[in-house]
Amino acid sequence: MIASQLWVAELVEAAGGEFIGKPGTQTDVAAVEAESPDVIIAAWCGAGDRVPLEKIVSGRKWKNTSAVRAGRVYCIRDEYLNTPAPTLVSGLHALAAAIHPELFPQADGLRCIHSSR
């Protein structure tokens, strides 16, 4: 696993969240589990918003993290975060909706673990 790049960490902070880990570096399953984040967001290159959320949670044994217990595991279309381009604005909207769903409406390109799409 690789933590997203620096610009994504900056977007997470702009959306009111806290980026866990060091941007652009490898991390492992245990490190994420140890942090027990409130929200987990995946943006896999080439997957769009089709990241298999249930599979990554069960395969990585993250079921006891705060995010999974609260049903706050999301994927965001990879082109919204993984390309330093104007689409990052859409990524910011999606991040804000994932981090603060009580303040921001559901965003295009954002899917939650319990939604069918």
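Helices and strands are here DSSP runs, a helix having at least four residues and a strand at least two, numbered from the N terminus. The exercises below use a predicted model.

**Exercise 1. Overall fold**

Task: State how many helices and strands the protein chain has, in which order they run, and how the radius of gyration relates to the globule rule.

Solution.
1. The secondary structure consists of five helices and three strands.
2. Read from the N terminus, these elements follow the order α-α-β-α-α-β-α-β.
3. The radius of gyration is 13 Å, and the globule rule gives 13 Å for 117 residues, so the chain is as compact as a globular protein of that length.
4. Along the principal axes, the C-alpha atoms fill a box of roughly 35 × 30 × 25 Å.
5. Of the 117 residues, 40% are buried.

**Exercise 2. The largest pocket**

Task: Give the volume of the largest pocket, and describe the residues of its lining.

Solution.
1. The volume of the largest pocket is about 1000 Å³.
2. Its lining has 38 residues, and those nearest the centre are Phe19, Ile20, Val39, Ile40 and Ile41.
3. Two or more lining residues come from each of helix H1 (6-14), helix H2 (29-35), strand E1 (40-42) and H5.
4. By class, the lining splits into 23 nonpolar, nine polar and six charged residues.

**Exercise 3. Cysteines**

Task: Determine how many disulfides the structure holds, and explain the result for Cys45.

Solution.
1. A disulfide requires two cysteine sulfur atoms within 2.5 Å.
2. For Cys45, the closest cysteine sulfur belongs to Cys75 and is 14 Å away, which is too far for a bond.
3. Cys112 is in no disulfide either: its nearest cysteine sulfur, again that of Cys75, lies at 9.3 Å.
4. The count of disulfides in the structure is therefore zero, given the cut-off of 2.5 Å.
5. The surroundings of the two residues can be added. Cys45 has a relative accessible area of 73% and is exposed, whereas Cys112, at 17%, counts as buried.

**Exercise 4. Positive phi angles**

Task: For Ser36 and Lys61, give the phi angle, the location in the chain and the exposure class.

Solution.
1. Most residues other than glycine have a negative phi.
2. Ser36 is not a glycine, yet its phi is positive, at about 45°.
3. Ser36 sits in the loop between H2 and E1. With a relative accessible area of 21%, Ser36 is partly exposed.
4. Lys61 also has a positive phi, about 55°, without being a glycine.
5. The loop between H3 and H4 holds Lys61. Its relative accessibility is 62%, so Lys61 counts as exposed.

**Exercise 5. Two side chains that reach backbone oxygens**

Task: Which backbone oxygen lies 2.9 Å from a polar side-chain atom of Thr65, and which lies 2.7 Å from one of Gln106? Is each of these two residues buried or exposed?

Solution.
1. Thr65 belongs to the loop between helix H3 (53-59) and helix H4 (66-69).
2. A polar atom of the Thr65 side chain is 2.9 Å from the backbone oxygen of Trp62.
3. The relative accessible area of Thr65 is 1%, so Thr65 is buried, the limit being under 20%.
4. Gln106 belongs to the loop between helix H5 (88-99) and strand E3 (110-112).
5. A polar atom of the Gln106 side chain is 2.7 Å from the backbone oxygen of Leu110.
6. The relative accessible area of Gln106 is 56%, so Gln106 is exposed, the limit being over 50%.

**Exercise 6. Sequence separation and distance in space**

Task: Set the sequence separation beside the C-alpha distance for the pairs Leu88 and Leu11, Gln106 and Leu88, and Gly59 and Gln106.

Solution.
1. The pairs are tabulated.

| Pair | Residues apart | C-alpha distance |
|---|---|---|
| Leu88 and Leu11 | 77 | 8.2 Å |
| Gln106 and Leu88 | 18 | 16 Å |
| Gly59 and Gln106 | 47 | 27 Å |

2. Leu88 is part of helix H5. At 15% relative accessibility, Leu88 counts as buried.
3. Gly59 is part of helix H3. At 54% relative accessibility, Gly59 counts as exposed.
4. Gln106, which occurs in two of the rows, is exposed as well, at 56%.

Definitions and conventions
Residues are numbered from 1 along each chain as its sequence is written. This is a predicted model: local features need pLDDT of at least 70, side-chain atom pairs count only at pLDDT 80 or more; totals for chains, interfaces and linings use all residues. Side-chain values use heavy atoms; hydrogens and water are left out. Buried means under 20% relative accessible area, exposed over 50%, partly exposed in between (1.4 Å probe, protein chains only). A polar contact is a pair of N or O atoms within 3.5 Å; within protein, one must be able to donate a hydrogen and the other to accept it, and residues adjacent in sequence count only if both atoms are side-chain atoms. On a 1 Å grid over the protein atoms alone, a cavity is a set of points where a 1.4 Å probe fits but cannot get out, and a pocket is an open set with protein on both sides within 12 Å along at least five of seven lines; lining residues have an atom within 4 Å of a point. Grid points are joined across faces, edges and corners, and a volume is the space filled by probe spheres set on the points. Ala, Val, Leu, Ile, Met, Phe, Trp, Tyr, Cys and Pro count as nonpolar, Asp, Glu, Lys and Arg as charged, and the others, Gly among them, as polar. The radius of gyration is taken over C-alpha atoms; the globule rule is 2.2 Å times the number of residues to the power 0.38.
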